[in-house]
Amino acid sequence: MQLTDEEKRMLAGDFGSTVKRAMEVLVKLGEIHDAPYMVEITSAHIDGNIDKEHNQESIAFLEQLAADNIRVRTFTTLNTIGLDRLKYHELGFNDAHFENQFRLNKAFEGMGCLGVYSCTPYYASNLPRFGEHVAWSESSTPPFVNAVLGARTSREAGASALMAAITGRTPYYSYHVPHNRLGQALIKVDCPMRGIADYGLLGYYVGSRVKTSVPVFNGLSEPSRDELIYLGAAMATSGPVAMYHIPGVTPEARDLDEAFGSNEPELVIHVDRKALQEPLDYLNDMPVGPVEFVAMGCPHYSLRQIERLAGLLEGKRIHKDVTLWIHTSEPIRYMAQRLGFDKIIAKAGGLLTADICTICTPLEKLGFRTVVTDSVKQAFYCHLFNNFTTAVETMENVVNIAIAGVWEGKRYNGE
Ligand code: F3S
């Protein structure tokens with residue numbers, strides 16, 4: 001790989017053994033992917049959750065880095081964790097549950113990372129510009145960075161994003177390279193899409209079929225930013241999708257010709273309401289009966305989503321046996337508090353959480369086995385990691401189910 005003088009000095013150890021080791025890892029990564037050189041990054045986003053990425057060894061390692069005064073060289077934010085730092089007692093946990101998470105947070109923050117603890121860090125200060133190179137981990141963020149913002153990131157692992165943050169560099173490969181961003185699969189959507197549950201189902205269906213190809217959607221009319229976030233999150237859940245185009249909506253494709261460039265579509269997929277039934281059948285396996293747990297905000301809800309939810313809950317009361325959590329980031333929760341939405345939600349019996357995600361939280365300690373949600377990604381991971389049975393519904397239906405306290409079986413039909 002061609003390296004700049006500064007990168008060569010990093011590799012030679014002029015900036016210390018940690019930077020040297022991080023650069024060695026990145027050079028190796030670049031060589032594996034035939035990257036010709038490194039690019040400077042303007043930000044990084046790292047997974048700082050205890051169970052998913054870190055064990056005792058990695059905590060001790062990161063604590064040592066912080067103690068050795070190692071600092072990230074670029075603006076770096078941290079992803080969702082299992083700990084709501086202000087409300088974990090209210091959620092039913094105690095300090096002992098999070099002993100390791102506290103240590104990990106301290107180590108990362110000691111290295112200069114900003115603890116926004118969110119999978120929507122772009123709502124909380126980390127907002128790359130069009131064309132910027134960044135290194136972001138957590139599956140739902142690369143499709144947003146690449147497709148919606150037009151910035152450039154590979155689908156980073158937590159470790160590679162950390163190495164990039166420490167050196168301020170990443171190898172020039174994957175979606176950093178313009179040609180790799182061009183469309184490869186044409187997705188013809190033949191049914192109207194409404195709301196984040198629909199976009200989640202569409203993403204799940206497409207992600208499981210296109211594999212590593214870049215999908216180009218035809219037939220979608222003006223999805224909202226929240227819908228784009230849920231589309232990308234679901235595609236990155238059932239498949240490794242980290243880039244897509246919607247001509248006229250996403251910034252790199254005004255039309256199909258621009259989306260595909262010199263590529264011919266290697267795959268054409270038709271999506272209708274019947275196709276979307278397939279993921280729905282898989283994800284709606286919760287037995288008919290009482291509801292115990294309802295969770296929304298995966299990816300973390302925006303302020304608009306919270307406003308809409310508060311509107312649906314205003315003046316109502318969820319069933320006394322139902323626990324309702326709505327996940328967002330601390331900055332968004334703060335704004336929701338300023339606008340009074342948290343009080344409306346609390347009065348209805350729900351709780352606006354910050355920093356956490358249903359998947360990262362030690363739910364087994366609370367005894368839940370099922371979840372009703374409006375997020376396809378959350379339903380999928382609750383199956384996979386928590387062994388839950390799940391139900392996916394629209395936001396309105398989720399609210400009605402939480403109020404009734406009963407799941408009556410599949411009612412979602414995209415209306
Ligand atoms: Fe975010 Fe957790 Fe969902 S990290 S995207 S809330 S699985």
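**Close-ups of a predicted model**

**View 1. Leu-186 and its partner across the strands.** Here Leu-186 stands opposite Val-216, a residue of β7. This is a predicted model, so take the close-ups in that spirit. The strand pair on show is β6, residues 185-189, and β7, which run in the parallel sense and share four bridges.

**View 2. The three-stranded sheet, with a helix on it.** Step back from that strand pair and you get an open sheet of three strands, ordered β7-β6-β8 and paired in parallel fashion. At the edges sit β7 (215-218) and β8 (267-271), each with a pairing partner on one side only. On average, neighbouring strands in this sheet are turned by 20° against each other, if you ignore direction. Then there's helix α8, residues 195-210, which packs on the sheet and touches β6, β7 and β8. The direction of α8 makes about 155° with that of β8.

**View 3. Who surrounds the ligand?** Which residues are around the ligand? The list runs Asn-79, Thr-80, Cys-119, Glu-138, Gly-297, Cys-298, Pro-299, Cys-357, Ile-359 and Lys-377. Sorted by class, this shell has five nonpolar residues, three polar ones and two charged ones. And where does that put the ligand with respect to the domains? Both domain 1 (5-178) and domain 3 (284-407) give residues to the shell, so the ligand lies between these two domains.

**View 4. Leu-83, tucked into a loop.** You'll find Leu-83 in the loop that links β3 (75-78) and α5 (99-110). Is Leu-83 buried or exposed? Its relative accessible area is 0%, so Leu-83 is buried. Setting aside neighbours within four places in sequence, Leu-83 is in contact with Tyr-88, Phe-98, Gln-101, Phe-102 and Asn-105, as well as Ala-354, Asp-355 and Ile-356. There's also a long hop in sequence to look at: Leu-83 and Cys-360 are 277 residues apart along the chain, yet their C-alpha atoms are 8.3 Å apart in space.

**View 5. Where domain 1 meets domain 2.** The domain assignment splits the chain into domain 1 (5-178), domain 2 (182-281) and domain 3 (284-407). This view looks at the first two of these. Taken over C-alpha atoms, the centres of domain 1 and domain 2 are separated by 27 Å. How many residues of each are in contact with the other? Domain 1 brings 17 residues to these contacts, and domain 2 brings 19.

Key:
Residues numbered from 1 in each chain as written. Predicted model: local features only at pLDDT ≥ 70, side-chain atom pairs only at ≥ 80, totals over all residues. Heavy atoms only, no water. Near = heavy atom within 4 Å. Nonpolar A, V, L, I, M, F, W, Y, C, P; charged D, E, K, R; others polar. Domains from an automatic or database assignment. Pairing = 2+ DSSP bridges. Helix = DSSP H or I, 4+ residues; strand = E, 2+ residues; numbered from the N terminus. Axes fitted to C-alpha atoms, helices over the stretch in contact; angles between N-to-C directions. Contact = heavy atoms within 4.5 Å. Buried < 20%, exposed > 50% of the residue type's maximum accessible area, 1.4 Å probe, protein only.
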